[in-house]
Amino acid sequence: MSITLENLPSEFEQFREEFRRFLNLFENKLQPEEPQEDLPLTIKEASKIVGYTVPTLYGYCQRNAIPYHKKNNRLFFFKSELIDWIKQSKIKTRAEIKEEVHTYLTPKK
């Protein structure tokens with residue numbers, strides 16, 4: 001369909017509506033997503049997150065080596081706690097170790 005002087009106002013109004021919809025979509029994409037609620041996970045779900053087998057997780061729980069919660073003889077885990085637990089085991093790079101040594105050996109003024 002070609003645009004003529006007669007249909008120009010309606011075409012322009014249609015364009016404005018489409019542009020408003022596009023702006024709404026764009027603005028919604030820029031909005032930060034609401035954080036997902038940290039729901040309790042079963043041991044099978046936790047096993048998928050951390051990459052260990054279920055029996056290994058039971059062993060870690062028995063030794064209190066992993067964060068978990070127990071309610072009515074059932075184990076529950078939270079994703080945020082599991083991720084924090086994994087992050088605690090970070091191995092330092094050589095550059096980080098050298099920097100620590102340098103900081104430690106540099107005389108204090």
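In which crossing, right-handed or left-handed, does H2 pass H4? In this predicted model, the crossing of H2 past H4 is right-handed. The two helices pack at an angle of about 35°, and their axes lie 11 Å apart. On the side of H2, the residues that meet H4 are Ala46, Ile49 and Val50, and their partners in H4 are Lys79, Leu82, Trp85 and Ile86. Sorted by class, this contact comprises six nonpolar residues, one charged residue and no polar ones.

Several of these residues also belong to the largest nonpolar core, which has 12 residues in all, among them Ala46, Val50, Leu82 and Trp85. Two or more residues of this core come from each of H2, H3, S3 and H4. In soluble globular proteins, nonpolar side chains tend to be buried together. Within the core, leucine 82 may serve as an example: apart from its neighbours within four places in sequence, Leu82 is in contact with Leu41, Ala46, Val50, Ile66, Pro67 and Phe77.

Helix H3, residues 54–62, has four buried residues, namely Leu57, Gly59, Tyr60 and Cys61. These residues pack against helix H2 (43–50), strand S3 (74–78) and helix H4 (79–87). Of the buried residues in H3, Leu57, Tyr60 and Cys61 are members of the core. Just after H3, asparagine 64 adopts a positive phi of about 55°.

Serine 47 is located in helix H2. Is this residue, serine 47, buried or exposed? Its relative accessible area is 14%, and serine 47 is therefore buried, the cut-off for burial being under 20%. When residues up to four places away in sequence are not counted, serine 47 touches Tyr52, Thr53, Val54 and Leu57.

The strands were examined next. Strand S3 is joined to strand S1 (residues 40–41) by two bridges, and this pair runs antiparallel. In this pairing, leucine 41 stands opposite phenylalanine 77 of S3. Strand S2 (residues 69–71) is likewise antiparallel to S3, with three bridges between them, and here lysine 71 stands opposite arginine 74. The hairpin formed by S2 and S3 has two residues between the strands, and asparagine 72 in this hairpin takes a positive phi near 55°.

Side chains alternate along S3: Leu75 and Phe77 point to one face and are buried, whereas Arg74, Phe76 and Phe78 point to the other face and are not buried. Both Leu75 and Phe77 are part of the largest nonpolar core.

Terms used: Residues are numbered from 1 along each chain as its sequence is written. This is a predicted model: local features need pLDDT of at least 70, side-chain atom pairs count only at pLDDT 80 or more; totals for chains, interfaces and linings use all residues. Side-chain values use heavy atoms; hydrogens and water are left out. Buried means under 20% relative accessible area, exposed over 50%, partly exposed in between (1.4 Å probe, protein chains only). Contact means heavy atoms within 4.5 Å. A nonpolar core is a set of buried Ala, Val, Leu, Ile, Met, Phe, Trp, Tyr and Cys residues joined through side-chain atoms within 4.5 Å. Axes are lines fitted to C-alpha atoms, for helices over the stretch in contact, and angles run from 0 to 180 degrees between N-to-C directions. A crossing is left-handed if the near helix is turned anticlockwise from the far one by less than a right angle, and right-handed if clockwise. Ala, Val, Leu, Ile, Met, Phe, Trp, Tyr, Cys and Pro count as nonpolar, Asp, Glu, Lys and Arg as charged, and the others, Gly among them, as polar. Two strands pair if DSSP finds at least two bridges between them.
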